[in-house]
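Trainee: Got a minute to walk me through this one? I'd like to go through the contacts before anything else.

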Amino acid sequence: MRYRWMVLIIIFCNTVFNSLTAQEIIISPSVKLSSKLPEYEILGKNSNGIYVHYVIGEKNELELFNQQLRSVAKKEILLKDKNSKLEAIFLRERGGVVFYSSIVDGYQYLKVRYINDYLETSAEVIVLDSIFRGKSNLFAPYYFKQSTNLKHFAFFKILEDKQGMTIDYHILNEDLEKMGSGVFENQQKDIVLKSFKINNQGVIYAVMAHQTRGSYANDYLYDELYTFIYNPNSQIGKQQVIEKEKRLRFKNIITEIDNMTNIAYTVVNYRGVDDGDDIGVIMIGTGVNPSESVQLKYAFNELAMSNMSSFKAKDWKEQAMIIKPKNLIPQSDSGCLIILEGQYQYTKVVRGTPYNGYYPYYNMADNYYTKTYVQNHYFDISALSISGKGVLNWNIVMPKVQITEDDGGIYSSFSIFESNNIIKFLFNEDVYSNGNFVEYNLNPEGKTKSKSLLNTKKENLAIIPQKGMQISSTEIIIPSEQKRNLQFILFKY
């Protein structure tokens, strides 16, 4: 769920914080996962209940839960077309829709069917688009987005050649009727699409980047950014550019669109080409009107890095380069709140002589064994409040240390929850030791307060914050997965 962050003065901060204590925590029964490990995603909640989508090989299943996280129904999604491929599943205010492709007589058709209250696909089918495939039986990719209020959809395909990239997009309303279509084009080589979003009014926003030739330190791979915005209601669009002449390089691009003002925001890490000490983030605000455009360059200097208490590096620049933008929240002053997190990964190799006949990775020539660990490090959460005039309102650091090995960092990082002008960051305080699952509360003044929510060791849980999803203004659901047992935890505020 996405809400607008109110910029205002809170006098009684403790009153606001206390009023948002979790009123109820519901844990679903444990379900044993099959031997063929499924992928799963929480789709969200509508008037029917809470939906989870499972992918097991070529098989797709939907499961519907009630408010107490009890399973109501679970069924395989049947497309009813030969030579078909499921593309995406989305909820509507009731039931849902499934987008899929099928190849017939040399053409790939993009189709959609409704999903009813019993998780069954409809007999009615709507054809949305087609691509000539000739003798090829390989599916060309389509991409899909939905607004947070479930009332607008966008689908697009990417056309690339030696001359550049074209994004061919279509915008649909909740009845799957076309509201608009068009193309975003960039006629250069080495262009990649980094983001595509649609908001509650059907406004779409895309960001392309130009990839540099040659390497640059720490993956700052891009030297130009291009933003595209289009409002199907006014039929007005706009393009904005950050050019390579500014002598900057970029990485870690994230975006968001305000559901009320239709202003779109992009935040990206940057580093100077000529000045390697020039490190930080840039915020770009884009609207269809020139007066709505704004940019802010925020530097991570040595003084700012001294406030990052949870990570010590050989110098402040190394510390600055691991801080990544993770979330963007539009504000009531037409600015935005930028959420950042320290994160890096490295491979650790341990060497020694063989012992007790155990040879994990034995090198006969050199007579030693080696064992390799991939360590995942997630550190402080920080927040920057930027006004609509491009001025820093405040910044805050929330200390956090999470270090794990060989798990891809799946149990690290955080979930985010927004409601009543409070933002909550929910995370495992220490993944391996104390079992505390905690939250930071952040108010519009930039004040914070933390509290423990539950103990995962006592509840026999292994919570995965990064897969959490806010499903209403008062609820967030997060999965727990350990020893092939899957559960869901619902926090009600």
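Mentor: Sure, let's start with Gly468: setting aside neighbours within four places in sequence, Gly468 is in contact with Ser415, Ile477, Ile478 and Pro479, where contact means heavy atoms within 4.5 Å. Keep in mind that this is a predicted model, where local features need pLDDT of at least 70 and side-chain atom pairs count only at pLDDT 80 or more, while totals for chains, interfaces and linings use all residues. Residues are numbered from 1 along each chain as its sequence is written, and side-chain values use heavy atoms, with hydrogens and water left out.

Trainee: Okay, where is Gly468 found?

Mentor: In the loop between α4 (456–459) and β33 (469–472). Helices (H or I, at least four residues) and strands (E, at least two) are DSSP runs here, numbered from the N terminus.

Trainee: Is Gly468 buried, exposed or partly exposed?

Mentor: Partly exposed, with a relative accessible area of 25%. Buried means under 20% relative accessible area, exposed over 50%, and partly exposed is in between (1.4 Å probe, protein chains only).

Trainee: And how far apart are Gly468 and Phe414 in space?

Mentor: They are 8.4 Å apart, C-alpha to C-alpha, with their positions 54 residues apart in sequence.

Trainee: Zooming out, how many helices and strands are in the chain?

Mentor: Four helices and 35 strands. Of the 493 residues, 52% are buried. If you take contacts between residues at least 6 apart in sequence, 52% of them join residues at least 24 apart.

Trainee: Which residues have the most contacts inside the largest nonpolar core?

Mentor: Met283, Phe300, Met305 and Ile338, in a core of 25 residues. A nonpolar core is a set of buried Ala, Val, Leu, Ile, Met, Phe, Trp, Tyr and Cys residues joined through side-chain atoms within 4.5 Å. Elements that each supply at least two residues of this core include β20, β21, β22 (294–299), α2 (302–305) and β24.

Trainee: What does Phe300 touch?

Mentor: Not counting residues up to four places away in sequence, the list includes Ile279, Met305, Trp316, Ile323 and Leu340.

Trainee: Switching to rings, how many aromatic pairs does the structure hold?

Mentor: It holds 23. Rings of Phe, Tyr and Trp (its six-membered ring) pair if their centres lie within 6.5 Å; planes under 30 degrees apart count as stacked, over 60 as edge-to-face and the rest as tilted. Take Tyr344 and Phe379: their ring centres are 6.1 Å apart and their planes are at 25°, so that pair is stacked.

Trainee: Which strands do Tyr344 and Phe379 lie in?

Mentor: Tyr344 is in β24 (residues 336–352) and Phe379 in β26 (residues 368–386), so the pair ties together parts that are 35 residues apart in sequence. Tyr344 is partly exposed at 24% relative accessible area, whereas Phe379 is buried at 6%.

Trainee: Got another one?

Mentor: Phe437 and Phe491: the centres are 5.8 Å apart and the planes at 20°, so this pair is stacked too. Phe437 belongs to strand β31 (residues 436–442) and Phe491 to strand β35 (residues 485–492), so parts 54 residues apart in sequence are tied together. Phe437 is buried at 0% relative accessible area, and Phe491 also counts as buried at 0%. There's an aromatic cluster as well, formed by Phe90, Phe99, Tyr142, Phe144, Phe153 and Phe155.

Trainee: Which ring does the charged end of Lys467 sit over?

Mentor: The ring of Tyr40, 4.0 Å from its centre. Lys74 lies over the face of Tyr54, at 4.5 Å from the ring centre. The test is NZ of Lys or CZ of Arg within 6 Å of the ring centre and within 35 degrees of the ring normal.

Trainee: What about Asp278: buried or exposed?

Mentor: Buried, at 17% relative accessible area. Asp278 lies in the loop between β20 (264–272) and β21 (279–286). Its side chain makes a polar contact with the side chain of Lys297 at 2.8 Å. That term means a pair of N or O atoms within 3.5 Å; within protein, one must be able to donate a hydrogen and the other to accept it, and residues adjacent in sequence count only if both atoms are side-chain atoms.

Trainee: Last topic, backbone angles. What is phi of Asp105?

Mentor: About 50°, so positive although Asp105 is not a glycine. Most residues other than glycine have a negative phi. Asp105 is exposed, at 75% relative accessible area.
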